[in-house]
Structure formats: C-alpha cells, structure tokens
Amino acid sequence: MNDISPKLVAGRLVARAHWHPLEFLFWAAAFASIWLLPGKYLILTEIAWLGLFALSLDLILGYAGIVSLGHAAFFGFGAYCAALLAKHEIINEPVLALIVSGVAAMLLGFVTSFLVLRGSDLTRIMVTLGVALLLRELANRMGWLTGGADGLQGVEMKPILGLWRFDMFGHNGYVYCLIVLFLLFLLARRIVYSPFGLSLQAIKDNPLRASAVGINVNLRLVAIYTIAAGYAGIAGALLAQTSAFASLAVFDFERSADLLLVLIIGGTGYLYGGLIGALIFKILQDWLSHLTPQYWPFWIGLLLVVIVLVGRERIGSWTLPFRTLANRFDWRRKESFGGGQA
Amino acid sequence: MLRRQLLAGCAALAFGLAAAGGAAAQDVFKIGLILPMTGQQASTGKQIKAAVDLYMAQHGNTVAGKKIEVILKDDGAVPDNTKRLAQELIVNDKVNAIAGFGVTPAALAAAPLATEAKIPQIVMAAGTSIITERSPYIARTSFTLAQSSEIIADWAIKNGIKKVVTMVSDYAPGADAQKSFSDKFTAGGGTIAEAIKIPLANPDFAPFLQRAADAKPDAVFIFVPSGQGGTFMKQFVERGMDKSGIKIIGPGDVTDDDLLPNMGDQVIGTVTAHLYSADHDSAKNKAFVEAFKKANNFRPNFMAVGGYDGMHLIYEALKKAGGKTDGDSLIAAMKGMKWESPRGPMSIDPDTRDVIQNIYIRKVEKKNGELYNVEFATFENVKDPVKAAKK
C-alpha cells in the first residue's frame with residue numbers, strides 16, 4: 001500500500017470503531033450475571049467499580065501514556081464526596097450525588113493535571129503519588145469532616161432514583177454499578193475512537209511529532225486527565241454508595257498500586273483490559289484469601305510474578321482463536337477491510 | 001438369608017446416613033470470624049484465631065445439639081473489607097453470628113449489618129466505648145480503653161506522678177484513652193503537659209517522643225494498638241528517655257504479652273493497667289496458658305482471652321437459649337451472663353452488653369528468665385466509665 005489516501009485511513013479508522021461481536025458477547029455475559037450469579041453480587045459489585053477505576057487509568061495510561069501511581073487520589077475524593085453528600089443529606093438521590101462526585105473529582109483532576117504536564121514518566125509517578133498521599137493525610141487530619149482513621153460512620157443511602165433501595169443482598173447495588181459502568185464505557189469508547197482519542201494516541205507514541213503536526217499536546221493531556229479523574233471519582237463514589245461507608249483506605253497507596261496491577265494483568269490500550277483485569281484480580285484475591293486467610297498475599301504475589309513473566313500479551317493471545325472465529329462471522333469487517341484487528 | 005441381612009443392613013446404613021446428613025445440614029451453627037490475619041494488626045488475628053481453635057478443641061464442636069462451624073475471613077483491618085466480608089458471610093454463608101473485629105473501624109463498619117440481619121456480633125478485640133451502642137446485637141468480650149485508662153490515672157495520682165504527657169494513636173480508641181485518662185488525672189490534681197496524637201498507620205514515634213521529652217514530664221501516658229508497643233518501647237529506649245527518669249504508664253496494650261518477651265530488660269518497671277496478663281494467678285489461667293502455649297508456641301495476650309471468652313459467650317448463650325439460634329434469643333441469653341475467665345471473673349452488662357471485668361495494675365518484672373506483667377493491685381468489676389458517665 002504505497003499510496004495511503006486520507007480516505008483509506010479514515011475508512012480504516014471507522015472500521016476500527018465498529019463493535020466487534022466479542023464485545024456484544026462480553027456485555028451480554030456481564031448483564032446475564034445479574035440473573036445467573038445471584039449469590040455473588042457483592043464481589044461482582046467490587047469487580048464493577050474496580051473495572052471502572054481501571055478503565056479510568058487505562059484512559060490516561062493506555063491512550064495518553066501518563067503513568068500514575070496516585071490514581072487513588074481521585075477515587076478517594078469521589079468516595080468521600082458521595083459519602084459526605086449522603087451523610088449530611090445535601091443530595092439524597094444517589095445518581096445525582098454520583099454525578100456531583102464525578103464532577104468534583106474532575107475539578108480536582110483539572111487542577112492537578114498541570115502538575116502532571118511537567119516532566120516525564122518518573123516525575124509523573126512521583127507527582128501523582130504525592131497528590132494521593134497529600135489527600136490521604138488531609139483526610140486524616142480533617143477528622144471533624146471525614147471521621148479520620150475511624151472512617152466516615154453513619155452514612156445512610158437513600159433509594160436510587162427514589163425507587164430502588166440498596167438491599168442487603170447487593171442486587172440493586174450491582175445492577176446500578178453495572179449500568180453506570182456500561183454507560184461510562186460507551187462514553188469512553190466514543191472518546192477513544194474520536195479524533196480527540198486518536199490524537200491522544202499520537203501523543204503517546206511521540207509527543208514531539210504530535211506537536212509538530214499541530215496537536216496541542218498540553219491541552220489534550222489536561223482534557224483526558226480531567227476526564228479520567230472524573231471516571232475514578234465515580235468509581236470511588238460507587239464504592240461509597242454501595243457500602244455506605246468511606247475510610248482512609250480509599251486513598252491508600254496499595255489501591256493505586258493494585259490498580260496498576262489490574263491493568264497489567266488485563267493489558268492496556270483496548271478499554272477491556274481494565275475490566276478483564278479487575279475480574280481476574282478480584283476472583284484470584286477472593287479465591288486465595290478463602291483458601292488461606294493468612295498467607296494469601298504470598299500466593300497472589302507469586303501468581304502476579306508468573307503472569308508478568310509469561311507476558312501479559314499472552315493473556316490477550318489466549319482469546320486469539322475466538323477472535324479469528326468471530327472475525328469470520330463479522331460481516332461489516334468483510335465489507336470494509338479484512339483483518340486489521342486492533 | 002445372609003444376603004437378605006446384608007441388604008437390610010445396607011438399607012439401614014443408607015437410611016442412617018441420610019438422616020445424619022439431614023440433621024447435620026439443619027443443626028449447624030455458623031460463626032463468621034472476621035479478623036486481620038494480614039497487615040499491621042496481624043498479631044491480633046493470630047492470637048484470636050489460636051484462642052478460638054483452642055476453645056473448640058477443649059469444649060468440642062457441638063453445643064445444645066448444634067454443630068459449631070467457624071468460617072475465618074481476613075479483612076486486613078480495612079473497614080471496607082470488613083463490611084463486604086460480613087455481608088458475604090451473612091448473605092451467602094448464612095452465618096448465625098459474626099465475631100472477631102480487630103480494630104474499632106472494622107467493628108463499626110459491620111454494626112449496621114448485624115442490626116439488619118438480626119444476628120449477634122461478638123466483638124473480641126476492638127476497644128472503643130461507642131461500639132456496643134451502634135447495634136442492639138453487639139456484645140463485647142474484650143475491653144474498653146476507658147476502663148484501664150481511668151484506673152491508671154487513679155494509680156498515677158496516688159503514686160506521686162504530677163505532670164504527664166499523653167501520647168495516643170489518632171483514632172477512636174486513642175481518643176477514648178486520652179480523654180478518660182486526662183479527665184480523671186486532672187480531676188485528681190495532675191497536669192497534662194501536652195496531648196500528642198500519633199498517626200495510626202506506619203507510625204514513627206521519634207519526633208513525638210522528642211516533643212514529649214522536651215516537656216519534661218514525670219511520666220508518659222501511652223496508648224498504641226496491640227502490635228505497635230514493641231516499636232514504641234524500642235524508640236523510647238533509643239532516645240535514652242528511660243534513663244532520664246520518665247516513667248511509662250498506660251493501658252496494657254503497650255506491654256502486650258505477645259511482644260513483651262522480646263522487648264528487652266529496659267521495660268522492667270513499666271506500670272500499666274489492664275484486663276489480662278498471662279501471669280494472672282489463677283488455676284484457670286495457668287491451665288489456659290499451658291494449653292495455649294502447647295498448641296501455638298507463643299504466649300496468649302489480652303486479644304487471645306477476648307477470643308476465648310467470645311467463644312465461651314456464644315457456647316453458653318446457645319445452651320441457655322435452649323437451642324434457639326435467632327439473634328434476639330441469643331443476645332437476651334448473653335445479657336448478664338457471668339463466668340470465670342482466664343482473666344478473672346467477668347460478666348456482660350445487661351444494660352449495655354459491654355464487658356464488666358477486673359482491671360489489674362501490673363509492673364513488668366522478670367520471672368524465670370522471662371518478662372511478665374506482674375499484677376499487684378486489683379480493681380473489681382469495672383464497668384465502662386464512658387457509658388457510666390452518660391447516665
């Protein structure tokens with residue numbers, strides 16, 4: 001292909017944004033779990049918000065190349081926002097409180113994004129880590145507001161949209177989280193396949209060249225960082241709403257580090273990595289801590305080392321046969337271009 | 001003939017097995033034990049788990065026709081985990097009671113679930129006063145910080161200590177300890193030179209100790225959660241504060257039996273008030289310590305007796321309720337229950353469901369080459385002073 005016409009490129013990019021049959025399958029399975037796994041709502045809820053949280057990190061790491069070890073800052077901020085809004089009965093309706101918490105986290109993300117613009121990867125790791133530690137200590141110090149190390153007690157959640165109560169079995173909570181995850185996933189998908197998303201990938205690959213072709217690098221990084229912060233804030237708010245509780249643990253370094261692990265397990269830069277990683281990570285954790293409540297961190301550490309050694313690309317490649325099979329049945333792809341699967 | 005007998009035998013056996021199987025499924029009493037088995041508070045989890053195992057080994061696993069089954073979960077002392085695990089235990093495993101709770105935030109996080117599910121929540125470790133008020137289904141077999149903090153204040157006044165710096169971990173039990181001590185101590189004519197709060201997670205005591213030393217007090221009142229006492233004592237000695245004549249007083253968490261044997265001779269003479277010492281002089285305790293050490297290779301501490309007595313409370317409540325397993329019957333049975341624990345006599349306050357027990361003043365001494373908290377004065381049947389003051 002010597003002459004790459006803009007039309008050809010555009011066509012290819014549009015084709016890439018098409019829904020793949022496997023994606024339909026993924027979401028069908030996710031929603032089917034509501035009926036198929038009634039005893040597992042609590043862990044599924046955790047997977048849902050962790051998946052959303054990981055998706056948020058994927059937006060900046062996988063698409064814009066910003067390494068962060070302090071993503072828990074936004075997660076925790078969102079969690080405390082949602083918990084405080086409910087506790088002081090400022091906003092009683094969870095969906096509205098969720099949106100407000102997300103916007104609050106976006107504001108925080110916007111303000112701190114300017115710190116992240118400075119310097120390269122190592123600096124970014126330190127800056128993001130610093131912001132998270134700072135917020136954790138602030139929350140610890142402001143005990144009158146946050147409850148300090150005891151956590152925020154006495155949060156009571158009102159029914160979702162005034163109709164569905166957060167029940168003890170976690171059914172409504174899970175459905176709520178899953179719907180929020182799905183809607184935000186659709187939005188993220190739209191973002192990454194938009195020209196804006198493509199320009200981010202150009203920045204990730206080579207910031208200098210990107211700015212040379214006229215992409216305003218800083219502006220775009222600020223934008224995606226702000227959006228990702230909003231996503232993380234909503235994930236945190238989901239945790240706070242489904243558990244009716246917030247504690248300093250939401251800001252923990254371990255949370256940011258675990259998140260990076262989740263994304264490493266699932267793979268970055270294709271949106272599903274965070275969701276699949278969250279699924280694998282939580283199930284592993286639950287299973288191992290059930291088998292050996294005392295020594296499970298050892299086994300999870302060992303498994304992670306093995307996973308990273310084997311190479312996370314291979315996890316993606318396990319699904320290769322299915323993907324080829326799915327491609328064969330993908331009529332749209334045939335019309336436009338064969339293969340070219342991202 | 002033989003064949004017929006064999007057939008009949010087989011049928012009887014099958015029938016018997018089926019009956020036994022059915023009975024077993026019906027008559028199991030499940031206890032969800034949520035403890036920090038990993039992380040900073042892991043020593044609490046280790047002690048309580050060992051004590052629960054010991055109690056069940058000694059008393060069998062069948063009470064009032066029910067088979068007791070314990071399901072252990074690790075929450076790492078992170079309250080969100082506690083809440084999820086408690087919920088899973090209640091919803092999926094259908095437990096009849098939840099127990100454990102290494103730290104106050106964990107106990108508080110689970111309290112609304114106990115209320116909603118109407119099952120007993122037995123607090124075996126956490127020591128903030130308010131816990132038992134958070135659900136009518138909570139009973140406690142550990143202690144409240146105020147119990148020992150008030151009594152050590154009393155002792156300090158009577159023993160010529162005039163000026164004290166308080167150092168407590170910055171969370172609810174620390175605040176309880178600090179307040180109870182200061183109120184009693186200042187009421188008795190003492191002065192608090194400085195009230196220092198130490199971060200709960202990963203504490204470095206050095207800067208705080210320096211501030212305490214600068215105030216030149218007669219004594220430092222210290223509360224840190226079980227497991228952090230060793231680091232505190234080490235840093236206290238490193239700064240030479242033991243030689244400058246500053247005494248250490250406080251609730252007994254700092255000279256916890258679990259860590260005491262490795263603290264070194266510098267801690268000799270430290271005076272604390274607490275509910276339990278492995279050295280407590282009673283036949284019951286001697287037998288307990290011996291059996292515990294034999295099974296585990298380490299010494300039981302106050303967390304272990306909390307777990308041991310927690311199991312005792314569940315067992316006895318089941319007996320008293322005559323096989324009823326609903327939360328209301330069990331809590332009713334627990335109220336006012338009295339028994340002889342390895343720690344000494346104790347009971348459950350019928351009004352508050354909190355623990356009433358003797359508090360002992362102890363001094364660290366060397367006995368048979370090992371460090372022990374040796375009890376030398378007893379305050380009998382101490383109720384939680386915070387709740388008593390509210391009335």
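## Working through a two-chain predicted model

In chain A, residues 331–342 have pLDDT (the predictor's confidence in each residue, from 0 to 100) under 50, and the model gives them 17 contacts beyond four places in sequence; contact means heavy atoms within 4.5 Å. This is a predicted model, where local features need pLDDT of at least 70, side-chain atom pairs count only at pLDDT 80 or more, and totals for chains, interfaces and linings use all residues. Residues are numbered from 1 along each chain as its sequence is written, chains are lettered from A and ligands numbered from 1 in the order in which they are written, and side-chain values use heavy atoms, with hydrogens and water left out.

**Exercise 1.** Work out where confidence drops in chain B.

*Solution.* Start with the averages: chain B has a mean pLDDT of 88, with 93% of the residues at 70 or above. For chain A the mean is 86, and 89% of the residues score at least 70. Next, go by element (helices are DSSP runs of H or I, at least four residues, and strands of E, at least two, numbered from the N terminus). In chain B, helix α1 (residues 2–26) has the lowest mean pLDDT, 48, while strand β5 (residues 121–123) has the highest, 96. Now zoom in: residues 10–25 of chain B sit below 50, and this stretch has 0 contacts beyond near neighbours in sequence. Where pLDDT is low, don't read the predicted coordinates in detail. For the whole model, ipTM is 0.75 and pTM 0.82.

**Exercise 2.** Describe the contact between chain B and chain A.

*Solution.* Count residues: 28 come from chain B and 28 from chain A. Then take the area: about 2400 Å² is buried between the chains, 54% of it on carbon and sulfur atoms. Buried area here is the accessible area (1.4 Å probe) that two parts lose on being put together, summed over both. Finally, B:D80, B:R84 and B:Q87 supply 22% of what chain B buries against chain A, more than any other three residues.

**Exercise 3.** Classify how α5(A) packs on α11(A).

*Solution.* Helix α5 (residues 94–117) of chain A and helix α11 (residues 217–243) of chain A have axes 6 Å apart, at an angle of about 140°. Axes are lines fitted to C-alpha atoms, for helices over the stretch in contact, with angles from 0 to 180 degrees between N-to-C directions. Angles under 35 degrees count as roughly parallel, over 145 as roughly antiparallel, 65 to 115 as roughly perpendicular and the rest as oblique, so α5(A) and α11(A) are oblique to each other. Sort the contact residues and you get 17 nonpolar, 10 polar and no charged (Ala, Val, Leu, Ile, Met, Phe, Trp, Tyr, Cys and Pro are nonpolar, Asp, Glu, Lys and Arg charged, the others, Gly among them, polar).

**Exercise 4.** Do likewise for α5(B) and α6(B).

*Solution.* Helix α5 (residues 145–158) of chain B and helix α6 (residues 172–187) of chain B cross at roughly 30°, their axes coming within 8 Å. That makes α5(B) roughly parallel to α6(B). Their contact residues split into 10 nonpolar, 2 polar and 4 charged.
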